[in-house]
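Please open the model in your viewer and keep the sequence panel beside it, ready to select residues by number.

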Amino acid sequence: MNENTESTLDPNKDDLPLMANTSFMLVRHYVLDLAVNFHREVINGTIALFLETNKVYNKTANAEGAGRHPSLQASLETGQLGPSCSLACAGKDKMSNLANYGDGRVTNVNSCNHSNNEWAGGISGTREHCGDGDDFVLVLDCCDLVVNKVEEVNVVATAGIDKLIGIDMLKPEDSIYSHGLQNDLQSSILDAILGLAAEHWQEQYNYYIQCSKAPGYNELQFQTDMWSLKIKKPGVQSPKDFPRVLRIWYETKPEGGSVKWTKDQIGSPHIIFLSQSVLSGGNHLCGVRLSHEIAHAWFGLAIGARDWTEEWISEGFATYLEDVLWANAQKLAQEEAKEQQQLRSLLRWRRLRDEIQNSEEELQVLRPNKENTGEVSSTGATIVKHGRNPGKIFMQVHYLKGYFLLHYLENQVGQKAFLKFLRLFVERFHGQLILSQDFLHMFMENFPQLKSQGLSTETIYEIWLDVAGLPKPLLDDAVKWTESRLVREV
């Protein structure tokens with residue numbers, strides 16, 4: 001795709017740009033601290049982001065000789081901590097050409113922004129030792145949000161954190177060391193948290209919470225546009241030197257699309273609020289919905305889609321697992337669980353059939369980019385095909401076709417073997433972004449006997465992922481579901 005997605009985006013098309021420069025930096029974890037204002041219909045508060053440089057970038061940087069502080073412990077032992085890395089403020093200036101960036105950098109940005117209140121007329125900011133070089137800019141996807149402040153989080157000040165990295169720290173009064181040493185300490189702490197073994201998940205979780213509450217220091221320059229939030233720290237010219245933990249103060253817009261308000265719930269990508277009307281509507285409705293959201297802890301959070309056009313990787317898996325989780329929660333006998341699943345499958349099939357009959361064909365494809373799925377610019381920016389199509393918001397095709405594809409694969413090997421495979425898959429790809437091919441290749445590797453039966457990743461693409469309409473195997477299954485005892489009774 002073109003490097004400058006924003007400038008080349010056709011306003012007459014419905015593609016959604018994703019501007020984040022993920023080729024350089026990735027968000028490994030986040031902690032929300034939010035308040036909901038039902039009267040104003042906004043959510044406000046903070047999000048703490050725990051960042052990590054992309055492994056691909058790390059390889060390149062290491063090959064060029066980029067490295068960490070030569071001796072972290074030695075520097076701490078000398079007591080030569082150097083001055084605080086707080087920035088002194090000089091005169092005022094205007095924002096200069098921040099949108100014209102390439103490869104994640106900004107050229108000759110001479111002023112800083114601490115507010116987006118005057119965006120339309122040119123933001124006034126504070127000039128803070130902005131040099132003439134190229135500073136690295138972190139680009140985050142951001143839409144329909146009012147960002148009020150961005151600051152570094154001083155995780156070094158977290159109580160007891162020195163025990164985690166095994167270093168005795170002689171802390172200055174404000175817990176802020178010289179610039180280079182501060183960065184190395186922050187990185188060592190975050191790397192230690194990320195490196196905790198799976199069995200120490202609760203300890204890791206507690207560290208994230210405690211670090212997210214650490215005091216802020218150094219407000220960073222930022223700018224928002226229609227699709228993104230751009231953040232930079234003057235003098236920092238590479239991702240490896242960029243702050244590892246940020247806190248962003250923001251508020252949603254009542255008229256925006258980042259949060260949808262309905263009568264029974266507020267939905268957003270990372271949080272769901274259920275109203276009393278849902279909670280009092282019977283255990284079944286609440287249980288199924290909660291099972292779906294719990295399933296997103298694995299598919300959607302622990303494992304995500306590398307290409308956002310492949311929504312089925314999140315929603316299809318969550319829809320499949322909601323039946324499994326809810327059946328286990330009800331402690332159903334095997335036959336009873338099977339009958340409930342058949343009834344739900346029939347209802348979902350009818351909804352999918354009706355949706356396909358009344359929607360655009362191009363919105364019915366689970367992998368619309370086909371063989372180009374996963375392609376991004378050198379910065380990591382990409383587009384979500386048809387992501388701004390208003391009809392797409394109300395469609396369930398990624399939920400339902402994804403659900404039926406997983407059941408199709410389950411039927412090839414049996415539920416017990418398939419669930420065991422899913423556990424292996426989560427262990428292997430935990431914390432990663434994946435494509436459909438990652439899942440399908442591992443599936444075929446684990447069940448090589450299926451190849452002799454005519455099943456391959458290519459046939460799955462042709463029947464399920466790359467085409468519109470109802471997959472042919474569903475037509476035969478629908479007949480079987482209508483013969484179920486529970487379906488006949490209903």
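Select strand E9 (residues 145-153) and then E10: the two run antiparallel and are joined by 3 bridges, where strands are DSSP runs of type E with at least two residues, numbered from the N terminus, and two strands pair if DSSP finds at least two bridges between them. Within this pairing, Glu-151 stands opposite Glu-219 in E10. This is a predicted model, in which local features need pLDDT of at least 70, side-chain atom pairs count only at pLDDT 80 or more, and totals for chains, interfaces and linings use all residues. Residues are numbered from 1 along each chain as its sequence is written, and side-chain values use heavy atoms, with hydrogens and water left out.

Widen the selection to the open sheet, whose 5 strands follow the order E2-E3-E13-E9-E10 with antiparallel pairing. At its edges lie strand E2 (25-37) and strand E10 (216-219), each of which pairs on one side only.

Move next to strand E11 (residues 221-224), which a hairpin of 3 residues joins to E12; E11 and strand E12 (residues 228-232) pair in the antiparallel sense over 4 bridges, and Gln-221 has Lys-232 as its bridge partner. Gln-221 and Gln-223 on one side of E11, and Phe-222 and Thr-224 on the other, are all buried, that is, under 20% relative accessible area with a 1.4 Å probe, protein chains only.

Finally, select Phe-439, which, leaving aside neighbours within four places in sequence, is in contact (heavy atoms within 4.5 Å) with residues including Trp-312, Leu-409 and Phe-418.

How values were computed. Buried < 20%, exposed > 50% of the residue type's maximum accessible area, 1.4 Å probe, protein only.
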